[in-house]
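Student: I have a model open in front of me and would like to know how its labels are earned. Could you take me through the reasoning?

Tutor: Happy to, so let us put it on the screen.

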Amino acid sequence: MISDDLYREIILEHYAHPRCKGKLEAPTFRQDGVNPTCGDAVTVELDVKDNRVVRAAFEGVGCSISLASASMLTSLIEGKTLDEVRELAATFKKRMLNRNDAEPCPEQLGELEALDGVRQYPVRVKCALLAWNTLLGALEEAL
Ligand code: ZN
């Protein structure tokens, strides 16, 4: 269990210095997503080779939660297979929609644990999930 202050620090650090921000030259998949309740908009791009994410990138405007989540997403999925990415997305979505604090955060979520505190604010959960739902939309094309 890490403290709320550390959570906030991790989120703000990703927001201030996003990983994998930008555009890919010729992405295999590209998807736009919006969260109208907050005004967040992200674009997720993936380079996929042999069923594996070689590179991921995002661009977007929005609140710190939505952009920090997008930054964590892109840095976490690079090198993973599409099946692993889908599983990670499902695990994170389940975590975000589970408000039981007693359950420990699955280890595979890594830094995403910093978004745990968001779960008590259903409106902000949409911010945290925006990039992930956008990612899943992009992967639907991969089926
Ligand atoms: Zn937001």
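Tutor: Let us start with the metal: a donor is an N, O or S atom within 2.8 Å of it, a cut-off that covers zinc. Keep in mind that this is a predicted model.

Student: What makes Cys38, Asp40, Cys63 and Cys127 protein donors of the zinc ion?

Tutor: Their donor atoms lie 2.1 to 2.7 Å from the zinc ion, and the cut-off is 2.8 Å, so they count. The cysteines each give SG, while Asp40 is listed twice with OD.

Student: How are the donor residues spaced in sequence?

Tutor: The pattern is C-x1-D-x22-C-x63-C.

Student: Is Asp40 called buried or exposed, and why?

Tutor: Buried means under 20% relative accessible area. Aspartate 40 has 2%, so it is buried.

Student: And why is cysteine 38 called partly exposed?

Tutor: Its relative accessible area is 33%. Partly exposed runs between 20% and 50%, so the label fits.

Student: Now the helices. Why is α3 called roughly antiparallel to α4?

Tutor: Helix α3 (residues 82-96) and helix α4 (residues 122-140) pack at about 155 degrees, with axes 10 Å apart. An angle over 145 degrees counts as roughly antiparallel, and that is why α3 and α4 get this label. The crossing of α3 past α4 is left-handed. By class, the residues of this contact are 13 nonpolar, one polar and two charged.

Student: What makes α1 and α2 roughly perpendicular?

Tutor: Helix α1 (residues 4-16) and helix α2 (residues 64-77) cross at roughly 80 degrees, their axes coming within 8 Å. The perpendicular range is 65 to 115 degrees, so α1 and α2 qualify as roughly perpendicular. Among the residues that meet are Ile10 and Tyr15 in α1, with Leu67 and Met72 in α2. This contact has eight nonpolar, four polar and no charged residues.

Student: What is notable about the phi of aspartate 50?

Tutor: Aspartate 50 has a positive phi of about 50 degrees although it is not a glycine. It sits in the loop between β2 (40-49) and β3 (52-61). Asparagine 51, in the loop between β2 and β3, also has a positive phi, near 65 degrees, and is not glycine either.

Student: How do you know which exposure label each gets?

Tutor: Exposed means over 50%. Aspartate 50 has 76%, so it is exposed. Asparagine 51 has 47%, so it is partly exposed.

How values were computed: Residues are numbered from 1 along each chain as its sequence is written. This is a predicted model: local features need pLDDT of at least 70, side-chain atom pairs count only at pLDDT 80 or more; totals for chains, interfaces and linings use all residues. Side-chain values use heavy atoms; hydrogens and water are left out. Axes are lines fitted to C-alpha atoms, for helices over the stretch in contact, and angles run from 0 to 180 degrees between N-to-C directions. Helices (H or I, at least four residues) and strands (E, at least two) are DSSP runs, numbered from the N terminus. Angles under 35 degrees count as roughly parallel, over 145 as roughly antiparallel, 65 to 115 as roughly perpendicular and the rest as oblique. A crossing is left-handed if the near helix is turned anticlockwise from the far one by less than a right angle, and right-handed if clockwise. Ala, Val, Leu, Ile, Met, Phe, Trp, Tyr, Cys and Pro count as nonpolar, Asp, Glu, Lys and Arg as charged, and the others, Gly among them, as polar. Donors are N, O and S atoms within 2.8 Å of the metal (3.2 Å for Na, K and Ca); water is not among the atoms, so sites may look incomplete. Buried means under 20% relative accessible area, exposed over 50%, partly exposed in between (1.4 Å probe, protein chains only). Contact means heavy atoms within 4.5 Å.
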